[in-house]
Amino acid sequence: MSQTGDQFKKIIAHCKEYGYIFQSSEVYDGLAAVYDYGPYGAELKNNIKAYWWKAMVHANENIVGIDSAIFMHPKIWKASGHVDAFNDPLIDNKDSKKRYRADTLIEEYVEKKLTAKIEKEVAKAAKRFGDSFDREQFVSTNPRVVANVEKRKKVMDRFTAAMANNDMAELKQIIIDAEISDPISGTKNWTDVRQFNLMFSTQMSNIAGSEDDSKLYLRPETAQGIFVNFLNVQKTTRQKLPFGIAQIGKAFRNEIVARQFIFRMKEFEQMEMQFFVAPGTEMKWYEHWKAERLKWHHQVTPNEKLRYHDHDNLAHYANAAVDIEFEFPFGFKELEGIHSRTDFDLRSHQELSGRKLQYFDNEKNESYVPYVVETSIGVDRMFLSVISNAFKEEEVPDAKGGTSTRTVLNIHPALAPVKVAVLPLLKKDGLPEASRAIMDELKYDLNCFYEDKDTIGKRYRRQDAVGTPFCITIDHQTLEDDTVTLRDRDSMKQERINKNALLDKVKAATSMINLIKA
Ligand code: GAP
């Protein structure tokens, strides 16, 4: 097991042990790629959603929120292109009987075999030449690097064309030509590549019309609920372009190849915002939202763990697209997508529904279909990035003068599920009663946790593992002078403060305003 794989396994085990995430239907041996959130997981998820909603909806006068239904008219998915084009190209290995996304196999080959080789050569040369190293010159002249760059370009050109032309035979040929083997069986014994639609469907009995019309889809993105409500929202909130509509909600995709814990699930949650703009201004707004969204991430995630990745293959609706990638324990992967969706969706709905979905621009004195810039992030992926970033095993001094390992989740205090633990030093002498009184003062403003079992050291460690930013310890001195010990999770420093100062202090340190106003 690699070190990163090991770290990922530890994170998954930690999520289960500390009530963050459970496998769905575990008593029946689980349901693949479906997960339940436990008590701390539900709190963290709610805090992530609140951070997004406050930053997007409350902090921007020209963005409003909605909550549309999961079930929608089936024609919506025809108009959006999902019925015809929301497919994954899948390929099976005949020996391992495992199924893979053909595009992912090729992308991973390019990344791990070609790009990695190029970067290794570059790093070696950079070390050898020191300050005088010229990367551009080296990459364009070193024969081994030039050969690999050319090889990569050829593969990527073929791959991009095959994806654009829906050419499944060519995708298979690329896999064969690149001699990509199954990571499990090690063989190159592949089936043909076939397209699988990712939408789940169900039936609704009371839709009039043809049999096809009674087929409902579980929405694969929340965005369409925004598009079809565009005029309802614009008129009722009297918004002028540019303005945005935001929504948080469940989405469903029949991901055949679902691995990596909550990174790719069949049922997940999205936080999406469609920003409606005048045609011709979309690239300006695309750049704006690219920068804004990265800023939002930077508030809770270190810069070096985030990067942009421009799309090589654009979705059927986009004229520009970039991912914000996070360095998960299994490498840099998509966390959020920012897409310039043109007027594709509104125009398609206008055509199929026969209803005008246009905006009357008073200044220009004309009606037009607005263009859209979309920001789209999975709540669960954000959750995984927060947990992966927060999980640490640290060597810390112990009571006997040596060191011991503590596991800590240093989740940003504004996102932490529990803000403060209230811990009586002993379970007697009136300390539990005094602690409960403090808890009663705090619990309406802060999510608190009370515990009086075990030694105080063990309780601190448990709260570190849960990610609680503050612990309050109530001891005999509290009964005399109203002071308590306030312990900080990250520095483990303790200070003695008056119990009446607790609420303001902990509220200020854990407030989401710190993230949004900064
Ligand atoms: N409306 C555009 C859209 O849905 P997407 O790139 O397919 O675009 C947007 O999805 C985001 O939703 C992704 O960046 C990711 O965070 C999240 N997401 C997509 N599929 C997911 C899945 N199967 N499991 C968890 N999150 C997923």
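**Exercise 1.** Which residue ranges does the domain assignment of the chain give for domain 1 and domain 2?

*Solution.* The structure is a predicted model, in which local features need pLDDT of at least 70 and side-chain atom pairs count only at pLDDT 80 or more, while totals for chains, interfaces and linings use all residues. Residues are numbered from 1 along each chain as its sequence is written, and side-chain values use heavy atoms, with hydrogens and water left out. With this in mind, domain 1 covers 87–197 and domain 2 covers 418–517, where the bounds come from an automatic or database domain assignment. As a further step, take the centres of domain 1 and domain 2 over C-alpha atoms: they are separated by 53 Å.

**Exercise 2.** Find the residues with the most contacts inside the largest nonpolar core, and the helix that gives the most to this core.

*Solution.* Begin with the term: a nonpolar core is a set of buried Ala, Val, Leu, Ile, Met, Phe, Trp, Tyr and Cys residues joined through side-chain atoms within 4.5 Å, and buried means under 20% relative accessible area with a 1.4 Å probe, protein chains only. The largest such core has 62 residues, and those with the most contacts inside it are Y20, I21, L44, W52, I262, F383 and I411. Helix α2 (residues 39–58) gives the most to this core, with eight residues; helices here are DSSP runs of H or I with at least four residues, and strands are runs of E with at least two, numbered from the N terminus. A second, separate core has 20 residues, including A102, L114, L171 and I175.

**Exercise 3.** Describe how strand β13 pairs with β12 and with β16.

*Solution.* Two strands pair if DSSP finds at least two bridges between them. Strand β13 (residues 331–342) pairs with β12 (residues 320–328) in the antiparallel sense over nine bridges, and E327 stands opposite F332 in β13. These two strands, β12 and β13, form a hairpin with two residues between them. Turning to the other partner, β13 and β16 (residues 371–378) pair in the antiparallel sense over six bridges, with G337 opposite S376 in β16.

**Exercise 4.** Why is one side of β20 and of β23 left without a neighbour in the sheet?

*Solution.* First write down the order of this open sheet of five strands, which is β20-β19-β21-β22-β23, with mixed pairing. Because β20 (448–450) and β23 (494–498) stand at the edges, each has a single partner strand, and so one side of each has no neighbour in the sheet. Within the sheet, β21 (residues 470–474) and β22 (residues 483–488) pair in the antiparallel sense over four bridges, and I472 stands opposite L486 in β22.

Conventions:
Buried < 20%, exposed > 50% of the residue type's maximum accessible area, 1.4 Å probe, protein only.
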